[in-house]
Amino acid sequence: MTRAVVFAYHNVGVRCLRVLLARGIEVPLVVSHADQPGEEIWFESVARHAGWHGIPVITPEDANTPEVLAQIAAAAPDFIFSFYYRQMLGAPLLGLAKRGAYNMHGSLLPQFRGRVPVNWAVLHGATETGATLHVMADKPDAGAIVDQQAVPILPDDTAFEVFQKVTVAAELTLHRCLPALVAGNARLMPQNLAAGSYHGRRTAADGRIDWRAGVASIHNLVRAVAPPYPGAFSEAGGLALRIFRSLPAPG
C-alpha cells in the first residue's frame, strides 16, 4: 500500500487528508499545528479528523528538527504532502519521501506565490484563482505543477467566500491527479516564475483604508479582509470605524 506522511492545517488540510484516505493511501503520521490562542479559529481541525481515523498527530514548533525527521523516517513514506501547512519544509525532510514531496497551494501558480494567496488575489481584483498541486522545491511555491483547478472570483466575493471555493478546488485537484502520482505517470509542467507574482504575509494593520486609493481599490481591500479576517478600518475623531462589507461600483 502507498504510504504518505501528511503536513496539514486548515480546511484545505482536512479535505485533502480525506481525499488521500478515500483513495486508499495509508497515512501513518500527520504533522499539524497547535492552534494559537490569539487566533480566531474559524476553520476545521486536521488533528481532530486524523484522530477519528486513528492516525497519530504531532504538532512540533519546528518541523525540520532532527527529532521530527527521525519520526518521519520511521514512517517510511512514499510521498510527503503539505496541505496548507504553515512552515517551509527543508531539503533533508523532503528527501525522506521515496517518491516525491508535493504541496497544495491556494492559487493558480505561478500567480500569487507566497502567503495568504486568496486574500492577495481578492485585493488585486483578480477575476479567478484556484488551487495547484506542485512539487516542493527550495523556493516557496516554485516547483513543477502536477495539476490545478480554477474557480471564479465574483465582483462582490469576500476572501472567505473565495477560500471556500478554493478548498473545493484543492479537493478536486488532488482527487483527479492522485491516481497518476501513485502510478508514477503524472505529467509535470515547470513553472515560469517570471510570469507570476510573489506576496508576503499580511497583518491586521494592513486593513487600514487609504481613502485616496479609489473606489475599486477600497472595495477590493474591504472584501479581501472581511470577517473572519480582521476587517478594513479607518479612524476619525479618535474613533476606529470598521467596514466589513461593500458593494462594487455600478457599471
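Mentor: Before we start on this predicted model, keep in mind that a residue is called buried when its relative accessible area is under 20%.

Trainee: Which residues of helix 6 are buried?

Mentor: Helix 6 covers residues 159-183, which makes 25 residues. Judged by that cut-off of under 20%, the buried residues of helix 6 are Ala159, Val162, Phe163, Val166, Thr167, Ala169, Ala170, Thr173, Leu174, Cys177, Leu178 and Leu181.

Trainee: Where in helix 6 does the kink lie?

Mentor: From its first C-alpha to its last, helix 6 reaches 36 Å, close to the 36 Å expected at 1.5 Å a residue. The helix nevertheless has a kink of about 40 degrees, placed shortly before proline 179, and the residue at which this kink lies is cysteine 177.

Trainee: What residue follows helix 6, and what is the sign of its phi?

Mentor: Helix 6 ends at residue 183. The residue that follows the helix is glycine 184, with a phi near 85 degrees, and the sign is therefore positive.

Trainee: Is histidine 134 buried or exposed?

Mentor: Histidine 134 is found in strand 7, residues 128-135. Beyond its neighbours within four places in sequence, this histidine is in contact with residues including Tyr102, His105, Leu109, Asp141 and Val146. Because its relative accessibility is 2%, histidine 134 counts as buried.

Trainee: How many residues in the lining of the second largest pocket are charged?

Mentor: The second largest pocket holds about 160 Å³ of space, and among the residues that line it are Gly125, Thr127, His219, Asn220 and Arg223. The lining divides into 7 nonpolar and 4 polar residues, and the number of charged residues is 1.

Key:
Residues numbered from 1 in each chain as written. Predicted model: local features only at pLDDT ≥ 70, side-chain atom pairs only at ≥ 80, totals over all residues. Heavy atoms only, no water. 1 Å grid on protein atoms, 1.4 Å probe; cavity = no way out; pocket = protein on both sides within 12 Å on 5 of 7 lines; lining within 4 Å. Points joined across faces, edges and corners; volume = space filled by probe spheres on them. Nonpolar A, V, L, I, M, F, W, Y, C, P; charged D, E, K, R; others polar. Helix = DSSP H or I, 4+ residues; strand = E, 2+ residues; numbered from the N terminus. Expected span 1.5 Å × (residues − 1). Bend = angle between axes of the 7 residues up to and from the residue. Buried < 20%, exposed > 50% of the residue type's maximum accessible area, 1.4 Å probe, protein only. Contact = heavy atoms within 4.5 Å.
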